[in-house]
Amino acid sequence: MKLLSFKGGIHPPHRKKYTENMQLERAKDPATLYIPLQQHIGTPCKPIVKVGDKVKVGQKIGEPQGFVSSPVHSSVSGTVKGIKECPTPGGSALCIIVENDFLDEVHESVTSKGDISSLSGKEILEIIKEAGIVGMGGATFPTHVKLSPPQDKKIDTVILNGAECEPYLTADHRLMLENPDDVVYGLKAIMKVLNVENGYIGIEDNKPDAIEVMKKAVRNEKNIEVVSLKTKYPQGAEKQLIYACTKREVPSGGLPMDAGVVVNNVGTAAQIAKTIKTGMPLIERITTVTGSAIKNPKNLIIKIGTLFEEIINQCGGFKEEPGKVIMGGPMMGLTQYTLEVPVTKGASGILCLNKRDATLPKPKNCIRCGKCVQICPAFLQPLYISAYSLKYNFDKAEEYRALDCIECGSCSFICPSKRPLLQSIRVAKREIIAKKRKQNK
């Protein structure tokens, strides 16, 4: 069978051997948790508890403010000890600090929601919204928003992203191996919400065991297909995944829904299944703890709000001095300046690199080789967007379609001169978006 793929892309070293054969393991709950009220794209939540309140597992503690927002729940039972600004992986944010009483008292609202066969699409959508489910591949876009397309957007296909193309990360791989039925159940729930017939699960061919397990899980599902994808980065990016599975192209400046498709991560689907079956909202996630500096790499199920430092210690600590600690993978992850940041809904990985692996060569002058243009999966000219950004000419960067950049980092990886292409393009995007918002006001 011919493997499906997209145009462009790169082949970075996989570095998945550290953890791909490590079964899921539950991390020990910490004594204190720091639960951010901003764990999603959109408006931060408003705290609905106060210092001194007793909270239970699964209890809502943060109320969303607006449609593009998502509630936050307590991941343990205990006492609220503080509500204040704290460091988080994405910057400073208001956090609810909960002292764990280790009694694991579950909130009364956490009860089974029934079965998708007896639930309407609207009921499933409301369950997803109230459970605080967001994109768990790292993007953290509120799932209920993604599953509420405008009426003029006809959706006929749902794709689950099981590519996990980022080097080092194996959380989705292990999820598919160990909980395939939840992935399929969640996909069926999403399909019912959107009232579509076609479902795909895209998996890169460097995970043959996951492909085999997922094919067995869908053998009785006539409208769901497991698609084998060519291992290439960024195969898991929405637009690239859509093209690989359906040969449809998302228009410039458009969204997947403009191609009639909705894309979700396999982890998101599995959480939807768990919530429907048990009523438990999103309070924990699978995170790969890996890299050349960590002593015992693992795939851990971690309560939201657990500090990185706590998790790293549970993995034996550092075996050598780290050069960088990154939330996520090396291509699109966020470098952390402190270990006193909590695991959030989008923390797919905690990557600990030694100084050798973390050291980047000094950038040199562009040699106009054109490699960044050849491999760009969004068909952009990164060298020109970057050059205009570095000269603060953001209008010109916009003319070169800076906003179409998916920030995969392929251009920076392939550049022989090691130019700061991705970093400067990100700056341009922020400036262009900020200007548009100011004009709209």
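Reader: How many residue pairs are in polar contact across the interface of domain 2 and domain 3?

Author: In this predicted model, the rule finds four residue pairs in polar contact across the interface of domain 2 and domain 3, with both residues of each pair at pLDDT 80 or more. A pair of N or O atoms has to lie within 3.5 Å to count as a polar contact. Across that interface the rule finds zero salt bridges.

Reader: What else describes the interface that domain 2 and domain 3 bury between them?

Author: The domain assignment places domain 2 at 116–278 and domain 3 at 371–440, alongside domain 1 at 30–110 + 281–354. Six residues of domain 2 are in contact with seven residues of domain 3, and the two domains bury about 520 Å² between them, with 49% of that area on carbon and sulfur atoms. Their C-alpha centres lie 28 Å apart.

Reader: Why is the pair of Arg26 and Glu284 called a salt bridge?

Author: The rule asks for a side-chain nitrogen of Lys or Arg within 4 Å of a carboxyl oxygen of Asp or Glu, and the side chains of Arg26 and Glu284 meet at 2.8 Å, N to O, so the pair satisfies the rule. Arg26 belongs to strand 1 (residues 24–26) and Glu284 to strand 13 (residues 284–290), which puts the partners 258 residues apart.

Reader: Is Glu284 buried or exposed, and how do you know that?

Author: Buried means under 20% relative accessible area, and Glu284 has 9%, so Glu284 is called buried.

Reader: Which residues are linked with Glu284 in a network of salt bridges?

Author: Arg26, Lys274 and Glu284 are linked in such a network. Lys274 forms a salt bridge with Glu284, the closest N and O atoms being 2.7 Å apart, and this pair joins helix 7 to strand 13 across ten residues. Lys274 has a relative accessible area of 26%, which falls between the 20% and 50% limits, and therefore counts as partly exposed.

Reader: What makes Asp182 and Lys277 a pair that ties together separate parts of the sequence?

Author: The side chains of Asp182 and Lys277 meet in a salt bridge at 2.8 Å, N to O. Asp182 lies in helix 4 and Lys277 in helix 7, so the pair ties together parts that are 95 residues apart in sequence. Lys277, at 36% relative accessibility, counts as partly exposed. By this rule the count for the model comes to 25 salt bridges.

Reader: Why is the largest nonpolar core said to lie between domain 1 and domain 2?

Author: Both domains give residues to this core, so it lies between them. The core has 47 residues, and those with the most contacts inside it are Ile201 and Ile276. Helix 4 supplies the largest share, nine residues. Ile276, leaving out residues up to four places away in sequence, touches Ser112, Lys113, Gly114, Ile116, Leu119, Ile124, Ile127, Tyr185 and Ala189.

Reader: Why is Asn354 called buried?

Author: Asn354 has a relative accessible area of 1%, against a limit of under 20%, so Asn354 is called buried. Asn354 sits in strand 17 (residues 349–354), and its side chain reaches the backbone nitrogen of Arg356 at 3.2 Å. Apart from neighbours within four places in sequence, Asn354 is in contact with Ser292, Ala293, Glu320, Glu321, Pro322 and Gly323.

How values were computed. Residues numbered from 1 in each chain as written. Predicted model: local features only at pLDDT ≥ 70, side-chain atom pairs only at ≥ 80, totals over all residues. Heavy atoms only, no water. Core = buried A, V, L, I, M, F, W, Y, C linked by side-chain atoms within 4.5 Å. Buried < 20%, exposed > 50% of the residue type's maximum accessible area, 1.4 Å probe, protein only. Helix = DSSP H or I, 4+ residues; strand = E, 2+ residues; numbered from the N terminus. Domains from an automatic or database assignment. Contact = heavy atoms within 4.5 Å. Buried area = accessible area lost by both parts, 1.4 Å probe. Polar contact = N/O pair within 3.5 Å; in protein donor to acceptor, adjacent residues only side chain to side chain.
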